[in-house]
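Let's take a friendly walk through this model, from a few backbone details out to the way the helices pack. Keep the viewer open as you read.

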Amino acid sequence: MSNLPAPISQDGPDQHDTQVASVGLPQTAPRSKGKPNSLNVPLYMQRNGNKVLVRRPKRKDDGALKGLARWFVANQIGLSCNLVALLFLAHSMPRAREYTSKFFTLSYYNQNTGKYFLGGDDWYLIAFFIVVLTGLRAGIMEYVLAPFARAKGVHKKKDIVRFSEQGWLLVYYSFFWPLGVYIYRTSTYYLSLHDLWKEWPNREMDGLMKAYTLAQLSFYLQLLIVINIEERRKDHWQMFSHHIVTSTLIYAAYREGHTRVGNLILVLMDVVDIFLPFAKCLKYLGYKTICDVMFAVFMVTWFIARHIFFPMAIYSVWAHTLIYMNGCFYGRELDGPHPPPANDTWLYIARPLWDTDAPVCFNHNFRNGFFGMLFFLQILTVMWFYLIIRVAIKVIKGGSAEDTRSDDEADDLEDPDEYVYEEAQPLEEEVGADEIDLKSWERRVARGKRSTTATGVSLPGHSDRKELLGRIGCEKQVD
């Protein structure tokens, strides 16, 4: 997200006393601080008016990686667009389509069943989704949400950034949550915990389920990138852990044939991520009363989805899985069930994560690991719900709904992205009138040039001799 540098004022030099020539070069002057207007402005950004950028204050955590992260944030729209354009350009070449088509289409289609299998080529589509989501997020934030916030009277940089981030989450979940509900509503396991585990391992799925699962996995992988290149928030490590566990669960459910329960859990998790961003957007726009109402709706939705239905799904993992799933299945034909491989460690359970042809197994060890990750997610949601209750108590006491979990770690300090500017003052140098080589100046004018040389100092833009002498206080001596 970057803008072009604003032009520096090019006003001509002011008049001074006799034998003083002035040129518009920056000179040290009292410093003034200001902030660029865009969300992510490159370091070379210059302000309008008679000011030039001097430096960006160096922070204690600045380094090569931090600078690379800022560069990526400032250029993620261009990078995403260029990568997609380059991919489409390569796809236009017939010889390359065998490889480039993997980025655009679902792989491993089975004509006999009309469904899709899984394998290593799925990473091509995941990579494409990550690039597209990165470009969409940055583009919508920069060119849609940020201008909308300014038009509604939001002027603080911090609030514009927060509004844009929450607005993007609202856009994303408003699309993928209804899609997940549609898949769940039209499935054979709708409102049945037992049917979540029947017909396992169902490693083949229809195109919509596969695209939905890979897109959700790409989104959380992209979030892992975002939270590590943008300014860190107070809940950075909680969110980092959440995204790691969620990405691992989605990927494991996809590779191990548990897409049904994966779909249910995503539906339960995503619904609250519609109401919370919506409430935050209302807060930044100044609609405090509606924000408080929406926050109450969010609390109720959170409690029902994440502390009633989600624990039910966790219980089903413990109580129902071993009834319908046990043993190992071999090959794409899923021959089995067979006993686990002899003299093998627990690695045979994880091997399908990277080896498509490895046997797919389920036993109490897999159940315990699956249950443990889901239970860890529940612990995180309980911790966050405690913070949410504190906000609700504040609202009841007359305050406003304000979620401080995602504030910057350095919010109490000086703005870390503040830029330092200086006034562009004239550089004054005394020169004697006798030292000016007027003949050389006349020869330059005769050759059609508009620059003047006076003791090594160039005065651009002055083609009249009388004006030149007037600039150094000699207008009364020359007619």
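Where does tyrosine 108 lie? Tyrosine 108 is in the loop between helix 2 and strand 4. Please keep in mind that this is a predicted model.

**Overall make-up**

The protein has 13 helices and 12 strands. Of its 479 residues, 44% are buried. If you take the contacts between residues at least 6 apart in sequence, 76% of them join residues at least 24 apart.

**Backbone details**

Most residues other than glycine have a negative phi, and most peptide bonds are trans. With that in mind, here are some places to check in the backbone.

| Site | Backbone value | Location |
|---|---|---|
| Tyrosine 108 | phi near 70° | loop between helix 2 and strand 4 |
| Leucine 191 | phi near 60° | loop between helix 4 and helix 5 |
| Tryptophan 200 to proline 201 | cis, omega about -5° | proline 201 in the loop between helix 4 and helix 5 |
| Glycine 336 to proline 337 | cis, omega near 5° | proline 337 in strand 7 |

How do the residues with a positive phi sit relative to the surface? Tyrosine 108 has a relative accessible area of 23%, so it is partly exposed. Leucine 191, at 65% relative accessibility, counts as exposed.

Serine 107 also belongs to the loop between helix 2 (97-100) and strand 4 (109-110). Is serine 107 buried or exposed? Its relative accessibility is 11%, and buried means under 20%, so serine 107 counts as buried. Beyond its neighbours within four places in sequence, serine 107 touches Tyr116, Phe117, Asp121, Asp122 and Lys210. Lys210 takes us to helix 5, where it is one of the residues that meet helix 6.

**Helix 5 against helix 6**

Two packed helices are described by the angle between their axes and the distance between the axes. For helix 5 (residues 207-229) and helix 6 (residues 236-256), the angle is about 155° and the axes are 9 Å apart. Angles over 145 degrees count as roughly antiparallel, so helix 5 and helix 6 are roughly antiparallel to each other. Their crossing is left-handed.

On the helix 5 side, the residues in this contact include Leu214, Leu217, Tyr220, Leu221, Leu224 and Ile227. Helix 6 contributes, among them, Met239, Phe240, Ile244, Ile250, Tyr251 and Tyr254. The residues of the contact divide into 13 nonpolar, eight polar and one charged.

**Nonpolar cores**

Which residues have the most contacts inside the largest nonpolar core? They are Trp168, Phe219, Phe310, Phe370 and Leu374, in a core of 64 residues. Tryptophan 168 is a good one to zoom in on. Setting aside its neighbours within four places in sequence, tryptophan 168 is in contact with Leu133, Leu136, Arg137, Ile140, Met141, Leu145 and Phe219. Apart from the largest core lies another, with 14 residues, including Val271, Met299, Leu380 and Phe385.

**One more stop**

Leucine 83 is in helix 1 (residues 64-91). Its relative accessible area is 49%, so leucine 83 is partly exposed. How many residues separate leucine 83 and valine 131 in sequence? They are 48 residues apart in sequence, and their C-alpha atoms are 7.8 Å apart in space.

Definitions and conventions. Residues are numbered from 1 along each chain as its sequence is written. This is a predicted model: local features need pLDDT of at least 70, side-chain atom pairs count only at pLDDT 80 or more; totals for chains, interfaces and linings use all residues. Side-chain values use heavy atoms; hydrogens and water are left out. Axes are lines fitted to C-alpha atoms, for helices over the stretch in contact, and angles run from 0 to 180 degrees between N-to-C directions. Helices (H or I, at least four residues) and strands (E, at least two) are DSSP runs, numbered from the N terminus. Angles under 35 degrees count as roughly parallel, over 145 as roughly antiparallel, 65 to 115 as roughly perpendicular and the rest as oblique. A crossing is left-handed if the near helix is turned anticlockwise from the far one by less than a right angle, and right-handed if clockwise. Contact means heavy atoms within 4.5 Å. Ala, Val, Leu, Ile, Met, Phe, Trp, Tyr, Cys and Pro count as nonpolar, Asp, Glu, Lys and Arg as charged, and the others, Gly among them, as polar. A nonpolar core is a set of buried Ala, Val, Leu, Ile, Met, Phe, Trp, Tyr and Cys residues joined through side-chain atoms within 4.5 Å. Buried means under 20% relative accessible area, exposed over 50%, partly exposed in between (1.4 Å probe, protein chains only).
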